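Hello,

Here is the structure we talked about handing over. Please load it first, then read the notes below it.

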Amino acid sequence: MSRYVLRKLMWTVPVLVVATTCAFLVLRLIPGDPVNLMLSGRPASERVRENLRAKLGLNRPLPAQYAYFVLHALRGDFGESFATGQPVSQVIAQQLPASLQLAGAGFIVGVGGGLALGIAAGLYPNTAIDGAAMFLALVGISMPGYWIAMLLIYFFGLRLGWVPIVGGGLPALILPAVVFGSYAIGNLARLVRSSILDVRGEDYIRTARAKGLMERVVVLRHALRNALFPVVTMTGLLLGLFIGGGVITETVFARQGLGALLVTSILTKDYPVVQALLLLTTAAYVFANVLVDVVYGVIDPRIRYQ
Amino acid sequence: MMHVKPLAIAERTGGPRGAAAGRRRRLTHVHRYPLAMFATAVLGMVVVAAMLAPVLSPYDPSAMATGPALSPPGPAHWFGTDRYGRDLFSRLLFGARISLPIGVMAVSVSVVLGSFLGLAAGFLGGRVDTVGSGVIDIMLGFPPIMLALLIIAVLGVGIQNVVIAIGVAGIPRFARIVRGTALAIREHTYIEAGRAIGASAARLIRRHVLPNALPPIIVLATLYVGSAILDTSSLGFLGLGVQPPTPEWGTMLSEGREFMRYAPWLMLFPGLLVFVTVVAINLVGDYLRAVLDPRLKGR
């Protein structure tokens, strides 16, 4: 088991190295002089520019710059935001709680909703229930997230006034959580349904039926156990996507969070923040994937020896 | 003209999987057929509307003050007008000429580069495969939207960069499928026969591997056009894609956002159009999958 975990962890190294290199190159590949971005159009003497360049480390040879970047990144030091002059780590730390809140709530909605729809469809395949559940799933996958958000805001926030659309607290989290979870609902529902249908022909299902168990018990206790695999995958992916998933939701609802921060920093060309978020997101995603693999290995010993 | 080896197709579609599975497949096939036809018709309408936009649209899409600003849908302006008094219906028609081609072009980038990578890795094997699979795995290791955002962060916003960003982000998914298919095809007797008569690897790939790998590529590409259109509109909505005043659907939605309370039609119609188009593409893709490549079902 530990060898299996180790093998999975080894796999993260090349991805993280490439991610670090990409993050490093972002500031070097952009057209123009990064110092101009730092000055954001203000005039400055050549002396000041030289100082700024030294501060960014741009006056050193490229390999030295890279080593400097990696060593500092490992310590969580991504320099200072071009926009505010705050340390990047501080900027991110401020936005993290809001993102985690959204991800947590969205996760509950997404996994809960997806499981419910998938099980309902799997229990009664090719019925109206199945059709309705799969239609909802298709809507969840095909509907643009920002459009779901705007429709929800319009109807439940503006027209009916049931939920607040701005501000903090749990009520204001409801709609964002639904939007955040909508994609997971759709995907998960389809996966759970097809896994339930796939295991229907297995011997142990026939045995369970032969014992005279009720169909519901057969599905819930025996078929669903195998249907839980996609849930594990989806869980891991959602854990890793909490920044990316927040990009749309946070922007539409004008919420704080890392996704909104990423969009703003790309638009304002605040590259130190972009670099840090890029690395952070990728690392979260990669480790979430490893976690998924490890959990798979625990549930299903066969996987470990492949 | 590509010719597909009937042998490989037969192997793919055949294979007894139990009477129940067969019955289920037939049932869903029959069930899906009318829906898929309907989806194809809807998609066809969107495409025709895009092509005939200059003829069909009642106003110039960028002409301001074609009527009162923010006027609701009515006989003069079917979908209402925006804050500059531009006709929303005309802008949506012309928007299809932006959003659809971007989706198709982005997917072409993914298909061509992804297939190249996948074919090389899967068919040539050995060191090429080690490197190729490594590249695919590393690219898959990135969260999908981050790859696109990273490219936008470096290249900046605009139509061309959106195509590149979404296209490159899709490469690893195509490469993985194509590599898997190429690996399977490599073991067939006709490839061995081709080798025996001295065909080069390039010729084997071009004449034998590629045509047989096409069905899964076509299915995946269709489904990806839908998600590419969705991603394009999302980037536009975030302000990171096509820039106003170009009438891209997502960009228009974002422009209509601040008037949601007073002019909900500005967000209703563009979103509806994206939604309908993407659903139609997904349904057509699902149908193609059922017809062309049953192995991919449920994945």
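**Helix packing in chain A**

In α5(A), Ile92(A), Gln95(A), Leu96(A) and Ser99(A) touch Leu258(A), Gly259(A) and Leu261(A) of α12(A). By class, this contact between α5(A) and α12(A) has four nonpolar residues, three polar and no charged. Please keep in mind that the model is predicted.

The geometry of that pair is as follows. Helix α5 of chain A covers residues 88-123, and helix α12 of chain A covers residues 258-267. Their axes are 8 Å apart and the packing angle is about 135 degrees. An angle of 135 degrees is neither under 35, nor over 145, nor in the range 65 to 115, so α5(A) counts as oblique to α12(A).

**Chain A overall**

Chain A has 306 residues, and 41% of them are buried. It contains 14 helices and zero strands. Its C-alpha atoms fill a box of roughly 85 × 55 × 30 Å along the principal axes. Take the contacts in chain A between residues at least 6 apart in sequence: 72% of these join residues at least 24 apart.

**Helix α4 of chain A**

Helix α4 of chain A spans residues 62-74, which is 13 residues. From first C-alpha to last it reaches 18 Å. That is close to the 18 Å expected at 1.5 Å a residue.

Val70(A) sits in this helix, α4 of chain A. Is Val70(A) buried or exposed? Neither: 14 other C-beta atoms lie within 10 Å, so Val70(A) is partly exposed. Its C-alpha is 7.2 Å from that of Thr20(A), and the two residues are 50 apart along the chain.

Just after α4(A) comes Gly76(A), with a positive phi of about 80 degrees.

**Positive phi outside glycine**

Two residues in chain A deserve a look here. Ala254(A) is not a glycine, yet its phi is positive, about 50 degrees. Ala254(A) belongs to the loop between α11 (242-252) and α12 of chain A. It has 9 C-beta neighbours inside 10 Å, so Ala254(A) counts as exposed.

Lys269(A) is not a glycine either, and has a positive phi of about 55 degrees. Lys269(A) is in the loop between α12 and α13 (271-299) of chain A. With 19 C-beta neighbours inside 10 Å, Lys269(A) counts as partly exposed. The cut-off for buried is 20 or more.

**Where the chains meet**

How many residues does each chain give to the contact? Chain B gives 35 residues and chain A gives 36. On the side of chain B that touches chain A, these elements of chain B give two or more residues:

- α2 (19-51)
- α5 (126-141)
- α6 (144-155)
- α9 (201-238)
- α11 (265-292)

By class, that side of chain B has 24 nonpolar residues, nine polar and two charged.

**Nonpolar cores**

The largest nonpolar core has 132 residues. Which residues have the most contacts inside it? They are Ala149(A), Leu277(A), Leu149(B) and Ile152(B). Helix α4 of chain B (residues 88-124) gives the largest share of this core, 17 residues. Another core, of 22 residues, lies apart from it. Among its members are Leu117(A), Ile119(A), Val218(A) and Leu224(A).

**Two spots in chain B**

The peptide bond that joins Pro244(B) and Pro245(B) is cis, with omega about 10 degrees. Pro245(B) lies in the loop between α9 and α10 (249-256) of chain B.

Gly250(B) is in helix α10 of chain B. It has 31 C-beta neighbours inside 10 Å, so Gly250(B) counts as buried. Which residues does Gly250(B) contact, leaving aside neighbours within four places in sequence? The list is Thr232(B), Ser233(B), Ser234(B), Leu235(B), Gly236(B), Phe237(B) and Gly241(B). The C-alpha atoms of Gly250(B) and Phe237(B) are separated by 4.6 Å, with the residues 13 apart along the chain.

Best regards

Note on methods. Residues are numbered from 1 along each chain as its sequence is written. Chains are lettered from A and ligands numbered from 1 in the order in which they are written. This is a predicted model: local features need pLDDT of at least 70, side-chain atom pairs count only at pLDDT 80 or more; totals for chains, interfaces and linings use all residues. Two residues are in contact if their C-beta atoms, placed from the backbone, lie within 7 Å. Helices (H or I, at least four residues) and strands (E, at least two) are DSSP runs, numbered from the N terminus. Ala, Val, Leu, Ile, Met, Phe, Trp, Tyr, Cys and Pro count as nonpolar, Asp, Glu, Lys and Arg as charged, and the others, Gly among them, as polar. A nonpolar core is a set of buried Ala, Val, Leu, Ile, Met, Phe, Trp, Tyr and Cys residues joined through C-beta atoms within 7 Å. A residue is buried if 20 or more other C-beta atoms lie within 10 Å of its own, exposed if 12 or fewer, and partly exposed in between; C-beta atoms are placed from the backbone. The expected span of a helix is 1.5 Å times one less than its number of residues. Axes are lines fitted to C-alpha atoms, for helices over the stretch in contact, and angles run from 0 to 180 degrees between N-to-C directions.
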